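Thanks for coming. I will go through one structure this morning, starting with a term and then moving from element to element. Please have the sequence and the model open.

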Amino acid sequence: MKLLSGAIAAVDHGGSLGRASALFPHAPQPFMDLSTGINPHSYPLFELPATALTRLPEAGQLRELAEIAAAAYGAPSAAHVGAAPGTQILLPRVASLVRPGKALVLGPTYAEHARAAAIAGNAVAEVSDFDALADADFAVLVNPNNPDGRVIEKARLLNLAARLRAKGGLLVVDEAFMDVGPIEQSLAGDVGAGGIVVLRSFGKFFGLAGVRLGFALADQLTAERLDAQLGPWAVAGPALEYGIRALSDAKWQADMRQRLAQDAARLDVLLGRFDVPVAGGTSLFRYLSFAGAPGLFSALGEDGVLVRHFAERPGALRIGLPGSEPEWQRLESALAGWAARRKDAPKESEQ
């Protein structure tokens, strides 16, 4: 068990081009950002009605979005869906649903869960053993996990949820990447039993992170509590428009899952050509774990290719998908340059 002191401090994330420019000031611009795990093939943009910007969002639109989200994610009904301006804003609110106590996060994973639990007054620790979560009052895991893609089977999750529910605890399952995960392992359809909150992110799979839209799936009373905390007009007009259209578009979703799987397989082949081992991931990102990771991160950065590194795990990297043929070629060139320099390094050290 890893106690997380100072867990309320700000967390470093991928996607900051400002930090990338400071770290690699001589890199060619613009950076190719492969650090986020966001779909590079976004849902098609469309012209918004003027009312999406000039009027306050209508309650009827929010109900429509909840109904569509329930169908898309497999929740029991719209009454089990709480919509928010991104899942990030939900994290401390969900953590405050139970009395402050012992919060355990299955790690390593997305660091904001621990920070949110600490903000809610919990004593927070990270555990690497799934079974240890049963000792928590508030247990959190990401499924599929970010950054390594680990998946916990549904039967184990339901057993854990029942144990926590029996003592008034809560299980939170962040399914931000379940759009490209094994959907049969989702707990979205099981939230009605209580003691479970499932988080779903809109922006990652649909490639529209700036829209800021996310959902909490829970029993009806919990969904109502979260809605009350957020208050009226929590979801902006443009987010309502994009959420309603994109979540209704089953064909686009099915086609995109197939495309992302093909792109992920292509990325695995490309990395393998340069002896970069893929240790896990999803079809939106690949997880690398090997001794040469720090050198690869620096080499790619100097070539203007940003991938995700982890300060506490220097041997690990996460790399997203290129979004176009020029980007694929740029990544291949950067990898080739790194591999050539790595091959020559022993010779240079002997001189």
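I will call a residue buried under 20% relative accessible area, exposed over 50%, and partly exposed in between, with a 1.4 Å probe and protein chains only. By that rule Asp-275 counts as exposed, because its relative accessibility is 63%.

Two sentences on the source. This is a predicted model, in which local features need pLDDT of at least 70 and side-chain atom pairs count only at pLDDT 80 or more, while totals for chains, interfaces and linings use all residues. Residues are numbered from 1 along each chain as its sequence is written, and side-chain values use heavy atoms, with hydrogens and water left out.

Back to Asp-275. Asp-275 sits in the loop between H10 and S10; helices (H or I, at least four residues) and strands (E, at least two) are DSSP runs, numbered from the N terminus. The phi of Asp-275 is positive, about 60 degrees, although Asp-275 is not a glycine. Trp-233 likewise is not a glycine and has a positive phi of about 60 degrees. The place of Trp-233 is the loop between helix H8 (220–230) and H9, and at 52% relative accessibility Trp-233 counts as exposed. For background, most residues other than glycine have a negative phi, and most peptide bonds are trans.

On peptide bonds, there are two cis cases to show. Gln-29 and Pro-30 are joined by a cis peptide bond with omega about -5 degrees, and Pro-30 is in the loop between helix H1 (17–23) and strand S2 (32–33). The bond from Asn-143 to Pro-144 is also cis, with omega near -5 degrees. Pro-144 belongs to the loop between strand S6 (138–142) and helix H6 (154–166).

Next, the sheet that follows the Asp-275 loop. In what order do the four strands of the open sheet run? The order is S10-S11-S14-S13, with antiparallel pairing; two strands pair if DSSP finds at least two bridges between them. Strand S10 (278–282) and strand S13 (308–309) each have a single partner strand, so they stand at the edges and one side of each is left without a neighbour in the sheet. Four bridges link S10 with strand S11 (residues 285–289) in the antiparallel sense, and Val-278 is placed opposite Leu-288 in S11.

Two helices lie across this sheet. Helix H10 (residues 250–273) lies across S10, S11 and strand S14 (316–320), at about 30 degrees to S11. Axes here are lines fitted to C-alpha atoms, for helices over the stretch in contact, and angles run from 0 to 180 degrees between N-to-C directions. Contact means heavy atoms within 4.5 Å. Helix H11 (residues 293–302) lies across S11, S13 and S14, at about 40 degrees to S14. The buried residues of H11 include Leu-296, Phe-297 and Leu-300. After H11 comes Gly-304, with a positive phi near 80 degrees.

One residue of S10 deserves a closer look, namely Thr-282. Is Thr-282 buried or exposed? Thr-282 is buried, because its relative accessible area is 7%. Not counting residues up to four places away in sequence, Thr-282 touches Pro-144, Gly-149, Phe-177, Val-180 and Ala-264. The Pro-144 in that list is the one that follows the cis bond from Asn-143.

Now to a parallel pair. Strand S4 (residues 102–106) and strand S5 (residues 123–127) run parallel and are joined by five bridges. Leu-106 stands opposite Val-127 in S5.

Then helix H3. The 15 residues of H3 (residues 59–73) should span 21 Å at 1.5 Å a residue, the expected span being 1.5 Å times one less than the number of residues. The end C-alpha atoms of H3 are 21 Å apart, which agrees. Among the buried residues of H3 are Leu-65, Ile-68 and Tyr-73. Their cover includes strand S3 (81–84), strand S8 (196–201), strand S9 (214–217) and helix H9 (237–248). Just after H3, Gly-74 has a positive phi of about 85 degrees.

Last, Pro-85, in the loop between S3 and helix H4 (91–95). Pro-85 counts as partly exposed, because its relative accessibility is 25%. Pro-85 and Phe-215 are 130 residues apart in sequence, with their C-alpha atoms 8.5 Å apart in space. Leaving aside neighbours within four places in sequence, Pro-85 is in contact with Arg-212, Leu-213 and Ala-234.
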